[in-house]
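Take a look at the sequence and the model below. Turn the model around a few times before you read on.

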Amino acid sequence: MRLPFRRRHAAQRRPTTQAFLVLALSTASTAITFTPAPAANLDFSQLGRVALAGDFSGISLYEFEGQNERPFSTNGSEQLLARMPNGAFGSVVRTDASIRTMCTLRMDDRDVVVLGGNFTSIGGANSGTMQSPAMALFDPQNGTVTPLAGLSGSVNALLCDQEKNTVYVGGNFIGTNSANAIALVGTQSWTNLPFAGFNGPVNSITKAPNGNIIFGGAFTGLGNATAPVTPDGQVINLATASISSVSSTSAQGFSDPKSIVCKTGGENGAGNTWLLQDGTPGSWSAKFNFGFQPTKLRLYNTRQDGRGTKEWRFTALPINGIMNFTYTDPATGRNASCTNKCPLSNDPSPFPYQDFHFVNVIGMNEFRIDITDFYGRGGGLNGIELFGDDIFSYAVNDFNEPSCAGGDFPSSATTTGPWSVAPSQSSTSQYLTAQLTAPISNTSASVVFTPDIRESGHYSVNLYTPGCLQDNTCSTRGQIKLTGQMTADPTKSESIDLDLYQTNNFDKYDQIYFGSIDASSGSFRPRVTMTPLAGQSLSQMTFVAQRVGFTLINSTGGLNGLYEYKPDAPVNASDFMSSGFNKLGASFKAGSAVSALTTIGDTTYIAGNFSSNTVQNIVAAQGDQPTVRPLDGGLNGSVKSMFSNSTNLFVGGSFNGTRDNSVAGLNNVALYDTSSNSWRALGAGVNGHVMEVVGMTMNITSSTPELVVSVNGDFTQLQAFGSNQAVEVDGFAIWVPSQNNWLQNLELPVELVDGTLSASLLDFAGQTSLYAGSLRSSTLDATGVAILGDKLNRVPVKVQPTKTSSSGTLTKRDNSLENGDLNGVVTGLFDNSNNRNLTILAGHFTATTNGGATVNNLVIVDGKNKDEVSGLPEGLSSDSTFVALAVQNDILFAGGKVSGAVNGANVNGLVTYNLASKSFNTQPPVLSGGNGTVSALAVRQTTKDVYVGGSFRSAGSLGCPGVCFFTAASQWFQAGQNLDGTVDALLWIDENTLLAGGELTVNNTVSTFLAIYNAGSQSWDNYPGASQLPGPVTALTLAAKDGKQVWVSGTSTSGKAYLAKFDGSVWKMAGEPLETGTNIRSLQVFSLTSSHDKSELFDKEEALMLTGSIVLPGFGTASAVLFDGNTFRPYALTANPGNTPGSISHVFTEKPNFFDKGGKKLPLVFIVLIGLGISLALMLLIVVAGLFLDRLRKKREGYVPAPTSMYDRGSGIQRIPPRELLENLSKGRSGAPQV
């Protein structure tokens, strides 16, 4: 059991904080880094366009470790996040609750991040979970996380003052001898501020233009908690403690140490008195199941037979400390003190007891009274009582004030539900725990805490929650609802009505009320009711209840939510009004609170829930001696958060306009332009309360990040404005100032971000930005389909899934059709035939045409007509779902769960559409029987027949169970007569051989999951070795170009996904690496641009892509996975609205050349060398050819070699006149030979 924290000390002592502030700072300068994932190396060069279709609203390629499909946390825990190089958010620090604020401090020539919040534990990427109440340091250069011990409570605001080397901390906490405000000076220690904090929580801190520190919050004065006017008023329950003794007498009626508990009359006698053995020292001990801090001990001495206790000492356990006391000597009436030899009077007048006050208020859960000297023959006692100042109401009633205490209104608790007592372990006391099962409601269990309030006043009320690590319940902890009324007149106080998380790893407390409380009376008692929050999605919830504490608050008064502190100057509580900020706060009406502060230039902006004659909820104070600027009178509702950038001040809260309603559209979020001193709307705002406004950076129109603003709160819609329709959201939106619009309205290839964001540090240390919150992100905001290439891209069409069930839940294909479990884009194709350029998407969704019309479930994008978007003509039911597409000449075949009427005729399972005329043609005779659904289409290239597989028994009047084919002559034919069953997949492996997967029967006798069809003989047979497959085949793909090898997948009869390959002779299973919950929707082999490790299942330059919802051990779900025969690696990750994962149903390409490997590119230096070599060779050929042609010419002209002797040369020389030589040149001669 952990002892309660100390709240008051008789002597101040500086806590040692050097140890927890020493950072493991290395000299190396490294930034936050993320480990790249192995490259996919897919070769798309022979495929043309490549697309992924599925049920998603965001998609990312898996490029860095840490990316995943997990939803953002909804249990209150948050993380410190940084962006990966691909734009995704990655966690660098994790906490068990919210990080509400952070700032940077320069330490040892480097910047560290100071984190504050209501967390109780923290952990870094390279460290385990560490206890860290409310504050910690993070060093981005080496990833070190250092908890900062010393505070108990929560931190709401931080201000890092680099000039003073000081961090100012504000919140709702106790630290050393300060409440709600304290300072952290450099690396030394916690330092009490001169004014000992505030009597209420601090929500924000800023530095004013004059260099002073401005605190804003819900306080009315400086000061700390105080003792009640009547101290020692709470009775500590000894009646339920475990009582024992040493050296008790054996005399009957006097040996039981419990006999003196709840005895306040001081009577002697059997049953009322406990005695020691004659002449023997002894002890009396009490052990408790809760911790407490006593302030007074009352002892009733015995006078039985002249006996009594003369000297004693009190030892606190488990600290084993002998306590110091002060008391009034009854003989002299003077104050005295004692330690290990405390005297106890045996004079019964004027009282039968004597009081001893503890000098030090120390936490304990056990104590021992040692009697060392006695009167008469031995010592003993007639009674004992223990008192404290702490006002608690415990969920375990045994810990509340005993009924024998004599109080009029003792503390108590009443419960409903399946409660049991849990051991205290590392907590301060035992507590109640209840295991609840869905559906969770506010009537599943409850605790009503009723305190013993003896004095009306200003109180802080705190709820204490034991940590979940100690009882291993973190996965089942949830949210609670708190309600209560603190004053008899409800108009004199706000009622308690809030929700809290119980997911803290270690013990914590939350302030649930701050204000007036009336003393208990016969007509009114303050109460706090705790129940589970109704409507939680938990299938099982662990609900815990420990105690509620009530602390009377002391105050100097004179403040109202604002305080200006001048460092290094004395605090004069009698001169508050010399400060313009203090004076401004004093002008607010009673009960006001400041929620946010920020300083821009020479002006400090103050926002919250306040009003005066001239301002409301937001105001500016300008200059060193601030002049109040009312900002058009302020806003007509409270402001919760502000974010400033340059001259723009973004505010969020609960308002819908300015005080004078001069600006429209300010629905809960607005922009104040400090350069023009005017309000502007952000679109038309949102439809609910905004809790946080936080800055972000994001790539919008270029690779350079720009500022955007995130808005978090309790809203579900972005209001319509201009040409922008209303957009459904889940409490999170992003405003893009450069586009003057919400991110969700932009038709740009931007990222998808969802979750909660509580704080940010933009361009931290000039390198990166850090964010605090719980976010889920995808690198591309795209719904239903994305184009693969150098990067992910959108298809130019707006697709909106039509949800009929929970997203991301995929089952066997035909069952999915029958149950309506398929959503989004299920399949697609690129059609380039007959000089077309069409992208056709099909599934279960709605889309918008260029003209604004809505089309259902099948959409066509015409790339040759400026990406014109169209759909099928009216006639089909909007409840239809398409899962298979094929194009034959100009006819589009679309199959699935299809119903409706076309040209006056019913259709079922299959519809055809003429792409040339853009109209329905005469439909094939209707499919009937079975479920009437089509799961697969496959075109036989040699005959152009379209083979149709699914759950049906006939086509028109033709019986053809499972598989039929439709000819170019528009007729149905049965594909063989010896197959029956339901087909889930079809695949032509060569021009005459078709495979069918599903639950099938061949020749009415052989049950199989994979059958093979010979188009020549028109007969089916069991595929070789198919009996080894553990379940129906739902996905097929070629494993080799010759068609002799195939990959198959499906779900075994035990419900687990399997993957198998037929290598031409035997089946090989791909191990058991995929976990329960995996659903494989499609398979496709890809060529690679580089080799992987050798595997018996694959060519070293090939890999298999699995799409669907694949559960990988140690990773979780991925929507697309690559398998190289050795390892499964995530390839694509998706997300959906509602904080759910998405899924990928199909990968489709422009060209089916999956086994054609693109030529490998040579390095430039080799290309240059090869070119040089070719050039030299050509030059050599030209020279050789020239010599050959010259020799040939000479030979044709009768060339004879000239004589070589001197005689011949001399005798043959004759002079030729120049005129004759020139005449010869002009004469014709035979032409040179031509090549």
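What follows is a walk through the domains, the disulfides, a cavity, two strand residues and some unusual backbone spots.

First, some ground rules. This is a predicted model, so local features need pLDDT of at least 70 and side-chain atom pairs count only at pLDDT 80 or more, while totals for chains, interfaces and linings use all residues. Residues are numbered from 1 along each chain as its sequence is written, and side-chain values use heavy atoms, with hydrogens and water left out.

Let's start with what the UniProt record says. An unreviewed entry there places "domain: Rax2-like second" at residues 231-381 and "domain: Rax2-like third" at residues 392-553. UniProt positions are given in the numbering used here, feature names are shortened, and annotations may be inferred rather than shown by experiment. What are these spans made of? Residues 231-381 are 0% helix and 44% strand, with end C-alpha atoms 25 Å apart. Residues 392-553 are 0% helix and 46% strand, and there the end C-alpha atoms are 15 Å apart. Helices (H or I, at least four residues) and strands (E, at least two) are DSSP runs, numbered from the N terminus.

Now for the cysteines. A disulfide is a covalent bond between the sulfur atoms of two cysteines; in practice, a pair of cysteine sulfur atoms within 2.5 Å counts as one. How many disulfides does that rule give? The count comes to 5. If you number the bonded cysteines along the chain, the pattern reads 1-2, 3-6, 4-5, 7-8, 9-10.

Take the link between Cys338 and Cys342, with 2.1 Å from S to S. It is right-handed, with 95° about the S-S bond. Is Cys338 buried or exposed? Cys338 is buried, at a relative accessible area of 8%, and Cys342 is buried too, at 0%. Here, buried means under 20% relative accessible area, exposed means over 50%, and partly exposed is in between (1.4 Å probe, protein chains only).

Another disulfide joins Cys468 and Cys474, with sulfur atoms 2.0 Å apart. The torsion about this S-S bond is about 90°, so the disulfide of Cys468 and Cys474 is right-handed. Cys468 is buried at 0%, whereas Cys474 is partly exposed at 25%. Further along, Cys960 and Cys964 are joined with their sulfur atoms 1.5 Å apart, and both of these cysteines are buried.

Next, the empty spaces. The structure holds 10 cavities of 30 Å³ or more, and the largest has a volume of about 210 Å³. On a 1 Å grid over the protein atoms alone, a cavity is a set of points where a 1.4 Å probe fits but cannot get out, and lining residues have an atom within 4 Å of a point. Grid points are joined across faces, edges and corners, and a volume is the space filled by probe spheres set on the points.

Which residues are closest to the centre of the largest cavity? Of the 19 that line it, they are Gln234, Ile236, Asp390, Phe392 and Tyr394. Strands β17 (234-235), β20 (282-292) and β30 (391-394) each supply at least two lining residues, and β20 gives the most, with 3. The lining divides into 8 nonpolar, 7 polar and 4 charged residues. In that sorting, Ala, Val, Leu, Ile, Met, Phe, Trp, Tyr, Cys and Pro count as nonpolar, Asp, Glu, Lys and Arg as charged, and the others, Gly among them, as polar.

Now zoom in on two strand residues. Ala596 sits in strand β43 (residues 593-600) and is buried at 7%. Ser204 is 392 residues away from Ala596 in sequence, yet their C-alpha atoms are 5.3 Å apart. Setting aside neighbours within four places in sequence, the contacts of Ala596 (heavy atoms within 4.5 Å) include Ser204, Tyr605 and Lys640. Asn462, in strand β35 (residues 457-465), is buried at 5%. Beyond its neighbours within four places in sequence, Asn462 has contacts including Asn172, Tyr509 and Arg547.

Finally, check the backbone. Most residues other than glycine have a negative phi, and most peptide bonds are trans. The bond joining Leu317 and Pro318 is cis, with omega about 10°, and Pro318 lies in the loop between β22 (308-317) and β23 (321-322). Asp632 has a positive phi of about 60°; you'll find it in the loop between β46 (627-629) and β47 (639-645), partly exposed at 38%.

Methods
1 Å grid on protein atoms, 1.4 Å probe; cavity = no way out; pocket = protein on both sides within 12 Å on 5 of 7 lines; lining within 4 Å.
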